[in-house]
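Here is a short briefing on one model. It takes up a helix contact between chains, then the build of a single chain.

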Amino acid sequence: MNAICAENLSKYYRVYIKPFDRLKEALLRRPCHSLVTSLKEVSFNLAKGETLGIIGENGAGKSTLLKILAGTTHPSSGRLSREGRIAALLELGSGFHPEFSGRTNIHLNAALLGLTEQEIREREKSIIAFSELEAVIDRPVKTYSSGMYVRLAFSIATSVDPDVLIVDEALSVGDQRFAQKCVDRMVGFRNSGKTIIVCSHSMFMINELCEKTLWLNHGEVNGSGKTSTVISEYLAYLEGPELTQASQQPTVTAASGHVPEVIIESVEFSDPDQHKINYIKMSQPLAIHVNTRCTTGDFMGHLAISIEKADGQMLFGTTTKSQGLPAVRFSGERQVELSIPSFPFIKGSCRAKALIADENVLRVIDERYSDPLLIESEHPEFGMIWMDHAWKC
Amino acid sequence: MFIKWIKAPFLHKTLFWGFVSQEIKGRYAGSMGGLLWSIITPLANMLIFIFVFSVVFKIRLKPVETGTESFVMFLLTGLLPWIAFSEAVAASTGMFIGKANLITKVAFPLELVPTAAIFVTFILNGLGFILFLIYLAFEGYAHITWLYLPVITVVFMIFTLGIVVLIASLSVFVRDIQQVMASILTLWMYLTPILYPVQMVPESMQFFIKINPVNPFVELYHQTLLQHVFSYPLLGQAAGFAVLSFIFGVWFYNKSRNAFADVL
């Protein structure tokens, strides 16, 4: 059963430079506008209970797509069918009246989102409890701080109990603790089988919450499917075209034209359970798997693995030789693992580079980059790496 | 698509009453007088008219034409409904523009906004009108024809709704209407037999009275309240204008509704 079925959705905006141009066009029946395409032939299906993340750069058409899905604007062409009660959090608190009390606004806003009076009365208590605004709920909302404002709005919007929930960047609500509550509630929604559509710049959140991801680029679908795959494609795209190419084509550094004796098939990040990962939190364990294939008979060589930033700066590097290990025997297909018990970087992204050299580490046989690894961290420290530290004041 | 408008307030009761209370409280938000102002303002207006026309000018009308000698009675009979109408129309220019944030961000039955606004305008002005009726009754004007008043008012509300919906939708695209509306309403008032009995208009100008859609409503109020006659042809004419205005307003709204979110 499909909750959302979108076929070739396109959205064009007519942009008039002066308001007068609109009149001129209406009277003269001659086009006086320029057409701006913000969405082009976007198609996807979302089954009930699935979660979809929408990613893309600014101006990629994410918000336009969400607005169309929420029903506040209509596509210029294409078909859209939706099932069930849809609640959209495109902007928190857009229906609030500043002069009214929080309690009155709960009633107004919930009614706006489609609840009946009886449903609102039933939920009023839990909305107030979730927002933690018991003390000030009868004050006009104009006296609220902006944090209190969005807390109330989020509590109302998610209490609607929709079949499909559409969220636009709304989860960075309030302080860390409340943000966590919001994420927990979203996860609760997902676990109870609701359909969720989220648009966010936080790859971490998309990765946590969504099974499927849609990557929009200049209004077109640039990639869709399994979240981890799409995110790594997107991150690779963001980090620049040169690196993308480097990671896609095996770099043949051996004598020109010759097939290297050992080819590095892939370099992958994994968690301790051997699952491929694209993101990591600081201090989690990490394993780097290098899969190799030997093109001749046996080959004795050394392996080097380095972790680099997007700009190529090496953060860390190690080789089998420098660790005093004997040369590795490559024959047929072989996987080498480098395990890192505690990942030390705080934020940013990095990629691993694997390199195979001969026994004397004089000749590079083959080298290859991994897909980028996103580091997500809640640590309050700054910079690149984490150090054990203590303040004495 | 027309039935939807009548049904909407009943279908979305909570939201409708929400908009109504928002409209009422929003008007007097932060003021201490609150609803009292909706009585004080028309009362003050009445007193001004009484002072100017009855005390200073001492204008007397022919009871044969208007059913009353008092110019103030005549004036208020037509002016009070007109004020309700013009208030609603004046507010309509910013009705959808002011809700831009809501229209672009939340999918909700927008039909409720104009219906609630007109409902509120007529209720609040109705308070002043009821005061006036009480005054009239004290002066001995009460009559059985007054029972037609609710009918006239409902038809008048439908007429107003049509105009309001049309102007509110049009204003989204042509913002200049906001600037022009005040002048149009002033001009319109002087072209409507409110400040003068319709009989005083010269024969050559009667055409303009005939095509003025507000005229039958004002005349209905005049006749019912003061002359105590009720003319069905006039009600038919008024209802005709109401249906026309409503159909045209809703037609334009339906045509342009989908573009609101893009333009706002």
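The points below are grouped by topic.

This is a predicted model. Chain B is a helical chain, with twelve helices and zero strands. Its helix α2 packs with helix α3 of chain A.

**Helix packing between chains A and B**

- The pair consists of α3 of chain A, residues 102–112, and α2 of chain B, residues 13–28.
- Their axes lie 9 Å apart, at an angle of about 135°.
- That angle makes α3(A) oblique to α2(B), because it falls in none of the roughly parallel, roughly perpendicular or roughly antiparallel ranges, the last of which needs over 145 degrees.
- The crossing of α3(A) and α2(B) is left-handed.

**Residues in the contact**

- From α3(A) come His107(A), Leu108(A), Ala111(A) and Leu112(A).
- They meet Thr14(B), Leu15(B), Gly18(B) and Gln22(B) of α2(B).
- By class, four residues in this contact are nonpolar and four are polar.
- No charged residues take part in the contact of α3(A) with α2(B).

**Build of chain B**

- Along the sequence, the pattern of chain B reads α-α-α-α-α-α-α-α-α-α-α-α.
- The radius of gyration of chain B is 19 Å, and the globule rule gives 18 Å for 264 residues.
- The two values are close, so chain B is as compact as a globular protein of that length.
- The C-alpha trace of chain B spans about 55 × 45 × 35 Å along its principal axes.

**Burial and contacts in chain B**

- Of the 264 residues in chain B, 38% are buried.
- Take the contacts in chain B between residues at least 6 apart in sequence: 76% of them join residues at least 24 apart.

Terms used:
Residues are numbered from 1 along each chain as its sequence is written. Chains are lettered from A and ligands numbered from 1 in the order in which they are written. This is a predicted model: local features need pLDDT of at least 70, side-chain atom pairs count only at pLDDT 80 or more; totals for chains, interfaces and linings use all residues. Axes are lines fitted to C-alpha atoms, for helices over the stretch in contact, and angles run from 0 to 180 degrees between N-to-C directions. Helices (H or I, at least four residues) and strands (E, at least two) are DSSP runs, numbered from the N terminus. Angles under 35 degrees count as roughly parallel, over 145 as roughly antiparallel, 65 to 115 as roughly perpendicular and the rest as oblique. A crossing is left-handed if the near helix is turned anticlockwise from the far one by less than a right angle, and right-handed if clockwise. Two residues are in contact if their C-beta atoms, placed from the backbone, lie within 7 Å. Ala, Val, Leu, Ile, Met, Phe, Trp, Tyr, Cys and Pro count as nonpolar, Asp, Glu, Lys and Arg as charged, and the others, Gly among them, as polar. The radius of gyration is taken over C-alpha atoms; the globule rule is 2.2 Å times the number of residues to the power 0.38. A residue is buried if 20 or more other C-beta atoms lie within 10 Å of its own, exposed if 12 or fewer, and partly exposed in between; C-beta atoms are placed from the backbone.
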